[in-house]
Amino acid sequence: RVEILPKSGKLVLVDENNKLIDKLIFDHGKLVKGGAVTDSIVEKTVKLKRDDGAAFGGSGAYKVTFEAKDSSGTEVNMTNGLSLVGHGMTTDEKLNSKLKYRDGEIILAGTEKEVETKVQSIIEATVLNGTSVKEGLYIGSGTFEAKVENVG
């Protein structure tokens with residue numbers, strides 16, 4: 001299946017195949033409790049670009065900032081992880097997934113057409129092997145977005 005959308009000149013987030021990202025899903029699959037030898041890492045490519053393929057615009061510069069937030073609006077990164085809550089468990093039964101991506105301001109010339117970041121979801125082996133981890137499905141949600149500001 002494919003859905004064709006009209007060009008609008010708007011900024012969009014796309015994957016490595018230039019497909020619009022509707023949901024950025026990090027599926028760590030099935031892991032054995034207490035059997036983790038290394039961290040579980042799932043990586044996605046995210047690019048910010050105009051949907052018509054044109055440059056960001058003009059001879060000025062642009063400041064781009066990527067940002068991930070959990071469902072309550074708190075920033076998620078390598079320091080502040082995303083809580084994955086156990087399905088059918090109490091709200092305090094969680095795993096922590098850290099998100100690694102290009103953080104800080106990225107300065108682009110207006111003639112550039114896209115900016116890219118790798119986004120990694122990392123569940124550390126120490127978390128996977130922790131005594132508080134129960135068997136079951138853990139799910140977390142949030143947003144990943146890019147902010148763009150013209151800096152002249």
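# Close-up views of a predicted model

**View 1. The largest pocket and its lining.** The largest pocket is lined by 41 residues. Nearest its centre lie Phe26, His28, Leu84, Tyr138 and Ile139. Six strands each give two or more residues to this lining: E3 (61-70), E4 (82-86), E5 (94-100), E7 (114-123), E8 and E9 (142-150). The volume of the largest pocket is about 1,100 Å³. Its lining divides into 23 nonpolar, 10 polar and eight charged residues. The model shown here, as in every view below, is predicted.

**View 2. The chain as a whole.** The chain has one helix and nine strands. Read from the N terminus, the elements run β-β-β-β-β-β-β-α-β-β. The C-alpha trace spans about 55 × 35 × 30 Å along its principal axes. Of the 152 residues, 34% count as buried. Among contacts in the chain with a separation of 6 or more, 74% join residues 24 or more positions apart.

**View 3. The open sheet.** Six strands make up an open sheet, in the order E1-E2-E7-E5-E4-E8. The pairing is antiparallel. Strand E1 (11-14) and strand E8 (138-139) stand at the edges. Each has a single partner strand, so one side of each is left without a neighbour in the sheet. In a regular strand, side chains alternate between the two faces of the sheet.

**View 4. The E1 edge of the sheet.** Strand E1 pairs with strand E2 (residues 40-50) in the antiparallel sense. Four bridges join E1 and E2. One position to look for is Leu11, which stands opposite Arg50 in E2.

**View 5. Strand E5 and its two pairings.** Strand E5 pairs with E4 in the antiparallel sense over four bridges. Leu82 has Ser97 in E5 as its bridge partner. Strand E5 also pairs with E7, again in the antiparallel sense, over three bridges. Here Leu99 has Ser121 in E7 as its bridge partner.

**View 6. The ring pair Phe56 and Tyr62.** The structure holds three aromatic pairs. In one of them, the rings of Phe56 and Tyr62 have their centres 6.2 Å apart. Their planes stand at 35 degrees, so the pair is tilted. A tilted pair has an angle that is neither under 30 degrees, as in a stacked pair, nor over 60, as in an edge-to-face pair. Phe56 has a relative accessible area of 9% and is therefore buried. Tyr62, at 14%, is buried too. The cut-off for buried is under 20%.

**View 7. The ring pair Tyr101 and Phe144.** The ring centres of Tyr101 and Phe144 lie 5.3 Å apart. Their planes stand at 85 degrees, so this pair is edge-to-face. The pair links distant parts of the chain. Tyr101 sits in the loop between E5 and strand E6 (106-109), and Phe144 sits in strand E9, 43 residues apart. Both Tyr101 and Phe144 are buried. Phe66 is part of this picture as well: ring pairs link Phe66, Tyr101 and Phe144 into a cluster.

**View 8. Ala146 and its contacts.** Ala146 lies in strand E9. Its relative accessible area is 23%, so Ala146 is partly exposed. Leaving aside residues up to four places away in sequence, Ala146 touches Leu13, Leu48, Thr65 and Phe66. Phe66 also belongs to the ring cluster of the previous view. Ala146 and Val12 are 134 residues apart in sequence. In space, they are 8.9 Å apart, C-alpha to C-alpha.

**View 9. The second largest pocket and Asn18.** The second largest pocket has a volume of about 630 Å³. Its lining holds 16 residues, and Glu3, Leu5, Asn18, Lys19 and Leu20 lie nearest its centre. The lining divides into eight nonpolar, one polar and seven charged residues. Asn18 is placed in the loop between E1 and E2. The phi of Asn18 is near 60 degrees, a positive value in a residue other than glycine. With a relative accessible area of 41%, Asn18 is partly exposed.

Definitions and conventions
Residues are numbered from 1 along each chain as its sequence is written. This is a predicted model: local features need pLDDT of at least 70, side-chain atom pairs count only at pLDDT 80 or more; totals for chains, interfaces and linings use all residues. Side-chain values use heavy atoms; hydrogens and water are left out. Two strands pair if DSSP finds at least two bridges between them. On a 1 Å grid over the protein atoms alone, a cavity is a set of points where a 1.4 Å probe fits but cannot get out, and a pocket is an open set with protein on both sides within 12 Å along at least five of seven lines; lining residues have an atom within 4 Å of a point. Grid points are joined across faces, edges and corners, and a volume is the space filled by probe spheres set on the points. Ala, Val, Leu, Ile, Met, Phe, Trp, Tyr, Cys and Pro count as nonpolar, Asp, Glu, Lys and Arg as charged, and the others, Gly among them, as polar. Rings of Phe, Tyr and Trp (its six-membered ring) pair if their centres lie within 6.5 Å; planes under 30 degrees apart count as stacked, over 60 as edge-to-face and the rest as tilted. Buried means under 20% relative accessible area, exposed over 50%, partly exposed in between (1.4 Å probe, protein chains only). Contact means heavy atoms within 4.5 Å.
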